[in-house]
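Good morning, colleagues. I would like to take you through one protein model, beginning with a check on a single helix and then widening the view.

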Amino acid sequence: MTPTRTIQAFIDAKKENSTPSEEVWNALKGYRQWNEPELIGLRNASGFYPEIYFEPGMDETISKLLAKFKEKVVPHKF
């Protein structure tokens with residue numbers, strides 16, 4: 001399951017007042033390997049559904065991962 005589909009499946013389950021599937025939870029556990037856009041999407045989803053953060057300190061971990069992506073951006077001049 002792709003990260004984008006994982007987040008969308010979680011949101012869909014919550015909108016239907018059901019529990020997200022085991023597949024969704026398993027895919028969420030791999031968030032440390034996700035790319036920057038998916039991590040931003042996960043953070044945005046947590047604003048509406050804070051229970052998407054399933055482990056303590058998850059927001060801080062995401063912040064650190066996003067900071068690493070920011071370090072990789074090289075400024076340039078044209």
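Let me begin with helix α1. At 1.5 Å a residue, its 13 residues should span 18 Å, and the end C-alpha atoms of α1 are indeed 18 Å apart, so expectation and model agree. I should say at once that this is a predicted model.

Which residues of α1 are buried? They are T6, I7, A9, F10, I11 and A13. The buried residues of this helix pack against α2 and α3. Just after α1 comes N17, whose phi is positive, at about 55°.

Now to the fold as a whole. The protein contains four helices and zero strands, and along the sequence the pattern reads α-α-α-α. The C-alpha trace spans about 50 × 25 × 20 Å along its principal axes. Of the 78 residues, 29% count as buried. If we take contacts between residues at least 6 apart in sequence, 50% of them join residues at least 24 apart.

Next, the interior. In soluble globular proteins, nonpolar side chains tend to be buried together. Here, the largest nonpolar core has 17 residues, and those with the most contacts inside it are L28, Y31, W34, L39, L42 and I62. Which helices supply this core? At least two of its residues come from each of α1 (3-15), α2 (22-28), α3 (36-48) and α4 (58-72).

L42 deserves a closer look. Leaving aside residues up to four places away in sequence, L42 touches I7, L28, Y31, W34, I52, Y53, M58 and I62. One of these partners, I7, is among the buried residues of α1 that I listed a moment ago. Two others, L28 and I62, appear with L42 itself among the residues with the most contacts inside the core.

Turning to α2, this helix includes N26. Is N26 buried or partly exposed? With a relative accessible area of 43%, N26 is partly exposed, because that class runs from 20% to 50%. N26 and Y53 are separated by 27 residues in sequence, and their C-alpha atoms lie 13 Å apart in space. Y53, as noted, is one of the residues that L42 touches.

Finally, the surface and the charges. The accessible surface comes to about 5500 Å², and carbon and sulfur atoms account for 55% of that area. There are 11 positive and 11 negative side chains, and the centres of these two sets lie 7 Å apart.

Thank you for your attention.

Notes: Residues are numbered from 1 along each chain as its sequence is written. This is a predicted model: local features need pLDDT of at least 70, side-chain atom pairs count only at pLDDT 80 or more; totals for chains, interfaces and linings use all residues. Side-chain values use heavy atoms; hydrogens and water are left out. Buried means under 20% relative accessible area, exposed over 50%, partly exposed in between (1.4 Å probe, protein chains only). Contact means heavy atoms within 4.5 Å. Accessible areas come from the Shrake-Rupley method with a 1.4 Å probe; for residues, only the protein chains shown count as cover. Lys and Arg count as positive and Asp and Glu as negative; His and the chain ends are not counted. The place of a charge is taken as NZ of Lys, CZ of Arg, CG of Asp or CD of Glu. A nonpolar core is a set of buried Ala, Val, Leu, Ile, Met, Phe, Trp, Tyr and Cys residues joined through side-chain atoms within 4.5 Å. The expected span of a helix is 1.5 Å times one less than its number of residues.
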